[in-house]
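Reader: I would like to understand how the labels used for a protein model are justified. Could you take me through some of them, setting each value against its rule?

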Amino acid sequence: MTAFEQRVFSGVQPTGNLHLGNYLGAITRFVALQESYNCVYCVVDLHAITQDVGVWGGPETLRQSTRDVTAAFIAAGIDPEKHIVFNQSQVSAHAELAWVFNCVARMGWLNRMTQFKEKAGKHRENASVGLFAYPNLMAADILAYRATHVPVGEDQKQHLELTRDIAQKFNNDFAESIERVTGEEMFFPLTEPLIQGPATRVMSLRDGAKKMSKSDPSDASRINLTDDADLIAQKIRKAKTDPEPLPSEEAGLENRPEATNLVGIFAALAERSKGDVLAEFGGAQFSTFKTALAEISVERLAPIAAEMRRLNDDPAYIDSVLKRGADQARAIAGPVYDQVRDIVGLLR
Ligand code: TYM
């Protein structure tokens with residue numbers, strides 16, 4: 001069995017405001033993993049342009065959003081001195097490897113992707129080819145670093161299964177060549193998703209059945225990382241709930257999606273378990289709980305928003321972080337892609 005060096009990779013799209021779902025489901029996990037892994041964190045600008053230009057806002061907005069996500073990474077505690085932070089389009093191996101994967105992945109695999117169905121909606125014929133092939137580019141992001149672990153929210157699970165399928169098919173299709181070029185049995189690892197913590201799927205504040213998302217037309221449905229204290233408190237006060245007081249045990253949350261969501265958010269922000277939070281607030285009315293939730297939200301998010309503003313005042317610094325990160329990323333992904341060329345038979 002081939003032994004792979006342990007490495008973490010993950011990405012965030014620069015499309016619109018980052019929200020509490022991105023923060024709790026992904027970015028806080030990125031921060032935590034820095035202690036035990038070499039990490040590569042990427043602002044995936046090539047993924048952003050798979051949707052209509054109206055969705056991502058055009059060139060000026062894309063540049064700004066790319067810097068905003070980078071600022072959010074750093075403000076949340078990712079250390080670009082110790083780990084790699086960069087934007088995808090600066091490292092050409094992502095797009096090059098994605099093309100190879102376009103030729104490995106099967107139409108049938110991509111046809112099953114629920115995110116494509118959701119994003120394309122009823123107008124499938126009008127969706128970009130890039131949106132359809134999106135998961136192949138995502139597999140290329142991960143496998144260009146031969147990453148072994150990928151922290152994401154629950155909505156990315158299916159894409160990571162596809163990444164494993166692509167790695168496995170590539171390893172099988174080119175087994176002899178892999179052995180000849182590398183002396184190993186496998187070239188790509190079967191990446192493990194890390195979907196962890198009490199907030200892997202943060203739901204809309206207006207509807208406990210819908211995911212909190214950048215694309216929800218209602219701004220009241222999400223807490224943005226840049227919302228100020230008053231707006232955060234107001235959105236939490238207005239968040240949908242049910243008429244019952246909070247239960248004192250987790251079992252009592254069953255069939256109460258809005259309560260489950262708010263308790264999960266509190267637990268993630270407080271770095272406590274849901275059970276622990278309910279032991280404190282069980283029997284309380286939502287008004288009491290919401291006041292505490294607003295308080296902890298502001299306590300956690302306000303310093304991040306302030307640091308993001310400070311960093312955004314210095315775009316040259318952000319750009320220098322991305323450039324250095326891209327140089328470091330290229331030093332890993334370039335040789336991996338060169339080996340792929342040798343394995344596939346693309347002369348160089
Ligand atoms: P994106 O930009 O939509 O979201 C970034 C991360 O935030 C997580 N997330 C959530 N977690 C919990 N609750 C929510 N409501 C919520 N909404 C979003 C996402 O799961 C994700 O981890 N395809 C990816 C970006 C990507 C990527 C990659 C990720 C491109 N290449 C390679 C990992 C590895 C995406 O669209 O994320």
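Reader: What makes β2 and strand β3 a pair of strands?

Author: This is a predicted model, and in it four bridges join β2 to strand β3 (residues 84-87); since two strands pair if at least two bridges are found between them, the two count as paired, and they run parallel. One of the contacts is that of Val40, whose bridge partner in β3 is Ile84.

Reader: Which strand pairs with β2 over six bridges?

Author: That is strand β1 (residues 7-12), which pairs with β2 in the parallel sense, and here the bridge partner of Ser10 is Tyr41 in β2. Between these two strands the chain passes through helix α1 (residues 20-33), in a β-α-β crossover that is right-handed.

Reader: Why is strand β2 described as largely enclosed by the rest of the structure?

Author: Five of the six residues of strand β2 (residues 38-43) are buried, so the description follows from that count, where buried means under 20% relative accessible area.

Reader: Why is the pair of Tyr41 and Phe73 called edge-to-face?

Author: The ring centres of Tyr41 and Phe73 are 6.4 Å apart, and rings pair if their centres lie within 6.5 Å; their planes stand at 65°, and because angles over 60 degrees count as edge-to-face, the pair takes that name. Tyr41 belongs to strand β2 and Phe73 to helix α4 (residues 59-76), 32 residues apart, so that distant parts of the chain are linked. Both Tyr41 and Phe73 are buried.

Reader: What makes the pair of Phe86 and Tyr145 tilted?

Author: The centres of the Phe86 and Tyr145 rings are 6.2 Å apart and their planes are at 55°, an angle that is neither under 30 degrees nor over 60, and therefore the pair counts as tilted.

Reader: How do you know that Arg310 and Glu307 form a salt bridge?

Author: Their side chains meet with a distance of 2.9 Å from N to O, and the rule asks for a side-chain nitrogen within 4 Å of a carboxyl oxygen, so the pair qualifies. Both lie in helix α14 (residues 286-312), three residues apart, which is about one turn of the helix.

Reader: Why is Arg310 called exposed, and what is Glu307 called?

Author: Arg310 has a relative accessible area of 53%, and exposed means over 50%, so Arg310 is exposed; Glu307, at 25%, counts as partly exposed, because that value falls between the two cut-offs of 20% and 50%.

Methods:
Residues are numbered from 1 along each chain as its sequence is written. This is a predicted model: local features need pLDDT of at least 70, side-chain atom pairs count only at pLDDT 80 or more; totals for chains, interfaces and linings use all residues. Side-chain values use heavy atoms; hydrogens and water are left out. Buried means under 20% relative accessible area, exposed over 50%, partly exposed in between (1.4 Å probe, protein chains only). A crossover is right-handed if, with the strands pointing away from the viewer, the path from the first strand over the helix to the second runs clockwise. Rings of Phe, Tyr and Trp (its six-membered ring) pair if their centres lie within 6.5 Å; planes under 30 degrees apart count as stacked, over 60 as edge-to-face and the rest as tilted.
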